[in-house]
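Please open the model in your viewer and keep a selection box at hand. The tour below goes from one selection to the next and says what is found at each stop.

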Amino acid sequence: MPSSSSTSHFVLPFPILIADVGGTNARFSILIDANAEPKAFTTIRTRDFPTLDAAIQSHVLDQTSLMPRSAVLAVAGPTDGDTIDLTNNDWVVHPRRMIEELGFDDVVVLNDYEAQALAVVALDEGNLQQIGGGERDPGANRVVIGPGTGLGVAGLVHAALTWIPVAGEGGHVDLGPQTDRDAEIFAHLERIEGRVSGEQVLCGSGMVNLYRAVARANGNEPRFSDPSEVSQAAEQKADPDAVETLDLFAEYLGRVAGDLALVFMARGGVYLTGGITLKILPFFNAERFRTAFENKAPHGELVGAIPTYAVLHDRAPMEGLAAYARTPSRFGVSLENRHWTR
């Protein structure tokens, strides 16, 4: 049955299965107790399993003698309700069925970017790389933004002596042209019902969308159809259209990140995460990103004081989930319609 347990006294029974389920990959670990390091399993591709339950059974439960009593899941999509559809994945999460068929006593389902937000509290400085200037206020609000299969966004609000993750669909905010060059490129961007959103440009398929628009604006026929091809050509400087695409990708990411910094007054920093961030970081145009981030007149000085970071940990959401599973009371996570118990 769904539970609306108080977060201040909420405790999950160990062992706890933690899972980060994205549009392309899924990661699993088992946390034996509050002091143990999670036992990690290899990352799987979601397309290789028909359902989440099948993946948990064959990839986790059948491979260990540890039988988890609880599950804390982070999924790529809205998490309110008994049937949870993932945004960029055919899997559907059925928490009640997981209790009945997989033997869990408790199931908690969070948004994947809530887990990313929790991670920026859990990670140490060695897992962060600062981009540009600014100085972090350790007790202030934070923002996480991550280009991957989609464009994930979450806020982390510090209030009442706790960290409160704020999930949403911020990756779908409008993104519009500012310069004459933008106007030339935006004329060729694929739209959704007339709109260009952040996710139409700042994710894997968005990078290809942007590359095609750049190529056509330059009078060229696009050569690539996969984001890895575009990023590789840009890194090797083998294709001028790809190079411009990655420069613009950094700039547009900076624009959206700066907007979100203002929305949340994120003096605690803005954190870039997601699979694409790690892949392009070695040749990321940090100067172009930061210039766009700070270009927020009349509040350029305010945003200029906010630091930006790249998250280097490749399993950051799992760290956030583990921190939450150990001590739920540390975080103000709403459990209404997101906690099921036997």
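How do the residues of the lining of the largest pocket divide into nonpolar, polar and charged? In this predicted model, the lining of that pocket holds 13 nonpolar, 26 polar and 10 charged residues.

**First stop: the largest pocket**

Begin by selecting Thr24, Gly148, Thr149, Gly274 and Gly275, which lie nearest the centre of the largest pocket among the 49 residues that line it. The space in front of you has a volume of about 1200 Å³.

Next, colour the helices and strands that each supply at least two residues of this lining. On the strand side these are β2 (16–21), β3 (25–31) and β12 (151–159), while the helices are α3 (112–122), α5 (204–217), α6 (227–235), α8 (275–280) and α11 (316–326). If you wish to pause on one of them, select α8, since it is the element that gives the most to the lining of the largest pocket, with 5 residues.

**Second stop: strand β3 and its partners**

Now keep β3 (25–31) selected, as one of the elements that contribute to the lining of the largest pocket, and switch on its surroundings. Is this strand mostly covered or uncovered? β3 is mostly covered, for 6 of its 7 residues are buried.

Add β2 to the selection, and you will see that a hairpin joins β2 to β3 through 3 residues, and that the two strands pair in the antiparallel sense over 6 bridges. To look at one position in this pairing, select Ala19 together with Phe28, which is its bridge partner in β3.

Then select strand β5 (residues 44–45), which pairs with β3 in the antiparallel sense over 2 bridges; here Asn25 stands opposite Arg45 in β5. Strand β4 (residues 39–40) also pairs with β3 in the antiparallel sense, over 2 bridges, and the residue to select there is Ala40, the bridge partner of Ser29.

**Third stop: the second largest pocket**

Finally, clear the selection and choose His172, Glu190, Ile192, Ser197, Glu199 and Gln200, then add Cys203, Ser205, Gly206, Val208, Asn209 and Arg212, and you will have the lining of the second largest pocket on screen. Its volume is about 160 Å³. Coloured by residue class, the lining of the second largest pocket shows 3 nonpolar, 6 polar and 3 charged residues.

Methods. Residues are numbered from 1 along each chain as its sequence is written. This is a predicted model: local features need pLDDT of at least 70, side-chain atom pairs count only at pLDDT 80 or more; totals for chains, interfaces and linings use all residues. Side-chain values use heavy atoms; hydrogens and water are left out. On a 1 Å grid over the protein atoms alone, a cavity is a set of points where a 1.4 Å probe fits but cannot get out, and a pocket is an open set with protein on both sides within 12 Å along at least five of seven lines; lining residues have an atom within 4 Å of a point. Grid points are joined across faces, edges and corners, and a volume is the space filled by probe spheres set on the points. Helices (H or I, at least four residues) and strands (E, at least two) are DSSP runs, numbered from the N terminus. Ala, Val, Leu, Ile, Met, Phe, Trp, Tyr, Cys and Pro count as nonpolar, Asp, Glu, Lys and Arg as charged, and the others, Gly among them, as polar. Buried means under 20% relative accessible area, exposed over 50%, partly exposed in between (1.4 Å probe, protein chains only). Two strands pair if DSSP finds at least two bridges between them.
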